Amino acid sequence: MNKSEILSKAKPILFNTPMVQAILDGRKTATRRIVKFKGNKNPMWTGYVKDGLNLYNGKNEVCNEKPRYKVDDILYVRETWHKYTKRIGKGDSCKLEQFYGYKASIANSEDSREKWHPSIHMPKEAARIFLRVTDVRVERLQDIITGDYKTPLNINAEGLYEPCCRCTHVNGDCKDFIKDDNCRLLNAFTELWDSTIKKTDLNRYGWNANPWVWVIEFERLEG
């Protein structure tokens with residue numbers, strides 16, 4: 001498929017500039033997004049998880065809204081952007097053309113002083129990064145270190161730091177992650193997460209609230 005065909009099917013997903021850079025570097029392969037409950041409520045859920053995708057109440061009814069993304073969806077990344085004008089060609093063929101620039105990778109000085117626009121306003125045709133969803137599951141936010149996936153590699157997949165934190169194996173085969181207030185990796189993730197939540201919602205969706213989240217894993221589409 002060419003770019004226009006992909007864009008006709010792709011869904012948008014927003015990332016801030018450091019996370020876009022992590023995707024470009026190949027460090028970020030997962031993201032977590034808040035689970036929305038039906039009626040936009042966040043009940044004291046006491047049911048169970050079925051098939052890794054839905055939360056059920058005691059009446060065997062699904063409590064959550066459907067995830068926005070599913071496996072094999074193609075996503076285009078919305079990032080901080082702007083347009084700039086560049087002179088191309090020489091002599092009679094010299095002309096001015098407009099290009100999109102991206103804060104995550106300023107390639108030259110021609111666009112460095114242009115006004116940046118927020119990712120939410122990025123036009124679809126400006127998309128340059130495409131992802132394919134490889135897995136979607138629901139879990140508690142703090143399951144990233146204490147759940148079934150007991151390895152710091154879950155946090156590494158969020159694109160913060162390359163090395164594992166307080167791991168007894170430095171070759172990447174990490175098994176013994178220690179939940180520690182002094183853990184650089186854990187602190188970085190909790191700070192990142194809370195920075196994306198409105199202050200008025202921290203008691204419901206912040207790290208300490210341990211909300212339900214969608215874990216969305218993805219791979220970057222090259223070319």
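Below, a colleague asks a modeller how the labels on this predicted structure are justified.

Colleague: Before we start, what are the ground rules of this model?

Modeller: It is a predicted model, in which local features need pLDDT of at least 70 and side-chain atom pairs count only at pLDDT 80 or more, while totals for chains, interfaces and linings use all residues. Residues are numbered from 1 along each chain as its sequence is written, and side-chain values use heavy atoms, with hydrogens and water left out.

Colleague: Thanks! How many helices and strands does the protein have, and what makes a stretch count as one?

Modeller: There are six helices and nine strands. Both are DSSP runs numbered from the N terminus: a helix is H or I over at least four residues, a strand is E over at least two.

Colleague: Why is Phe130 called buried or exposed?

Modeller: Buried means under 20% relative accessible area, exposed means over 50%, and partly exposed is in between, using a 1.4 Å probe and protein chains only. Phe130 comes to 10%, so it is buried. Phe130 sits in strand β8, residues 130–140.

Colleague: Which residues is Phe130 in contact with, neighbours within four places in sequence aside?

Modeller: Contact means heavy atoms within 4.5 Å. By that rule Phe130 touches Lys3, Ile6, Leu7, Leu75, Tyr76, Glu219, Arg220 and Leu221. Separately, the C-alpha atoms of Phe130 and Lys11 are 9.6 Å apart, although 119 residues separate the two in sequence. For the protein as a whole, 67% of the contacts between residues at least 6 apart in sequence join residues at least 24 apart.

Colleague: Why is strand β5 described as largely enclosed?

Modeller: Five of the five residues of β5, residues 74–78, are buried, so the strand is largely enclosed by the rest of the structure. Both of its faces are covered, with Ile74, Tyr76 and Arg78 buried on one side and Leu75 and Val77 buried on the other. As background, buried residues make up 41% of the 223 residues in the protein.

Colleague: How do you know that β5 pairs with β1 and with β8?

Modeller: Two strands pair if DSSP finds at least two bridges between them. Strand β1, residues 11–14, joins β5 over four bridges in the parallel sense, and β5 joins β8 over three bridges in the antiparallel sense. Both counts meet the cut-off, so both are pairs. Leu14 has Arg78 of β5 as its bridge partner. On the β8 side, Leu75 is partnered by Leu131 and Ile74 by Arg132.

Colleague: What makes the sheet open, and which strands are at its edges?

Modeller: Its five strands run in the order β1-β5-β8-β9-β2, with mixed pairing, and form an open sheet. The edge strands are β1 and β2 (30–34), each of which pairs on one side only. From one strand to the next, the twist averages 45 degrees.

Colleague: Asp72 caught my eye. Where is Asp72 found, and is it buried or exposed?

Modeller: Asp72 is in the loop between β4 (54–56) and β5. Its relative accessible area is 54%, so Asp72 is exposed. Its phi is near 80 degrees, a positive value in a residue other than glycine. Asn210, also not a glycine, has a positive phi of about 50 degrees and is found in the loop between α6 (202–205) and β9 (212–220).

Colleague: How many disulfides are there, and how do Cys63 and Cys94 rate for burial?

Modeller: A disulfide is a pair of cysteine sulfur atoms within 2.5 Å, and a search of the whole structure finds zero. Cys63, at 12%, is buried, whereas Cys94, at 28%, is partly exposed.

Colleague: Last one: why is the pair of Phe189 and Trp207 called edge-to-face?

Modeller: Rings of Phe, Tyr and Trp (its six-membered ring) pair if their centres lie within 6.5 Å; planes under 30 degrees apart count as stacked, over 60 as edge-to-face and the rest as tilted. The structure holds five aromatic pairs. For Phe189 and Trp207 the ring centres are 5.9 Å apart and the planes stand at 80 degrees, so the pair is edge-to-face. Phe189 lies in helix α5 (residues 184–195) and Trp207 in the loop between α6 and β9, so the pair ties together parts 18 residues apart in sequence. Phe189, at 2% relative accessibility, is buried, and so is Trp207, at 9%. Together with Trp193, these two form one aromatic cluster.

Notes:
Axes fitted to C-alpha atoms, helices over the stretch in contact; angles between N-to-C directions.
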